[in-house]
Amino acid sequence: MSEDHRTTGADGPGEDARDALGTAGQGGPPYAECVLCREPTEYPESYRGITLCPVCAWQEAQRTACSG
């Protein structure tokens with residue numbers, strides 16, 4: 001394999017997603033707060049509806065999936 005192939009590995013898109021989530025609250029547009037834990041979300045403040053951070057969204061999905 002060439003070095004160029006190794007630097008553009010399969011985990012590239014995952015790094016982009018982590019960067020996008022990690023930058024919430026570090027600049028850019030003002031982000032809405034999570035309605036449960038008040039951490040910044042990936043949604044802008046102008047987003048209408050309930051806003052959850054990724055952690056609370058995952059926990060809520062777990063609760064509703066098992067409540068049958």
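This section describes the overall fold, the model confidence and selected local features of the protein chain.

The structure is a predicted model. The protein chain contains 68 residues, of which 12% are buried. Its secondary structure consists of 3 helices and 2 strands, and the order of these elements from the N terminus is α-α-β-β-α. Helix 1 covers residues 3–7, and helix 2 spans residues 12–22. The two strands follow, with strand 1 at residues 31–33 and strand 2 at residues 40–44. Helix 3 comprises residues 54–65. Of the contacts in the protein chain with a separation of 6 or more, 4% involve residues 24 or more positions apart. The area exposed by the protein chain is about 5,500 Å², and carbon and sulfur atoms account for 53% of this area.

Confidence varies along the protein chain. The mean pLDDT is 73, and 57% of the residues reach a score of at least 70. Among the elements, strand 1 has the highest mean pLDDT, at 95, whereas helix 1 has the lowest, at 43. Over residues 1–21, pLDDT remains under 50, and the model shows 4 contacts beyond four places in sequence for this stretch. Where pLDDT is low, the predicted coordinates should not be interpreted in detail.

Several local features lie in the loops around the strands. In the loop between helix 2 and strand 1 is glycine 28. With a relative accessibility of 69%, glycine 28 is classed as exposed, because the cut-off for this class is over 50%. The C-alpha atoms of glycine 28 and proline 44 are 9.7 Å apart in space, while the two residues are separated by 16 residues in sequence.

The loop between strand 1 and strand 2 includes valine 35 and arginine 38. Valine 35 is exposed, since its relative accessibility is 51%. Together with Leu36 and Ile50, Val35 makes a nonpolar surface patch of about 320 Å². Arginine 38 is likewise classed as exposed, with a relative accessibility of 59%. The backbone of arginine 38 has a positive phi of about 65°, although this residue is not a glycine. Most residues other than glycine have a negative phi.

Threonine 51 is located in the loop between strand 2 and helix 3. Its relative accessibility is 5%, and threonine 51 is therefore counted as buried. When residues up to four places away in sequence are left aside, threonine 51 touches Ala32, Glu33, Cys34, Val35, Thr41 and Tyr43. One of these contacts is thus with Val35, the exposed residue that also takes part in the nonpolar patch.

The structure holds 1 aromatic pair. This pair is formed by tyrosine 43 and tyrosine 47, whose ring centres are 4.4 Å apart and whose planes meet at 25°. The arrangement is stacked, because the angle between the planes falls under 30 degrees. Tyrosine 43 has a relative accessible area of 28% and is partly exposed. Tyrosine 47 is also partly exposed, at 40% relative accessibility. In addition to the aromatic pairing with tyrosine 47, tyrosine 43 is among the residues touched by the buried threonine 51.

Notes
Residues are numbered from 1 along each chain as its sequence is written. This is a predicted model: local features need pLDDT of at least 70, side-chain atom pairs count only at pLDDT 80 or more; totals for chains, interfaces and linings use all residues. Side-chain values use heavy atoms; hydrogens and water are left out. Patches are made of residues with over 30% relative accessible area and no salt bridge: like charges are joined within 9 Å, nonpolar side chains (Val, Leu, Ile, Met, Phe, Trp, Tyr) within 5 Å. Accessible areas come from the Shrake-Rupley method with a 1.4 Å probe; for residues, only the protein chains shown count as cover. A salt bridge is a side-chain nitrogen of Lys or Arg within 4 Å of a carboxyl oxygen of Asp or Glu. Helices (H or I, at least four residues) and strands (E, at least two) are DSSP runs, numbered from the N terminus. Buried means under 20% relative accessible area, exposed over 50%, partly exposed in between (1.4 Å probe, protein chains only). Contact means heavy atoms within 4.5 Å. pLDDT is the predictor's confidence in each residue, from 0 to 100. Rings of Phe, Tyr and Trp (its six-membered ring) pair if their centres lie within 6.5 Å; planes under 30 degrees apart count as stacked, over 60 as edge-to-face and the rest as tilted.
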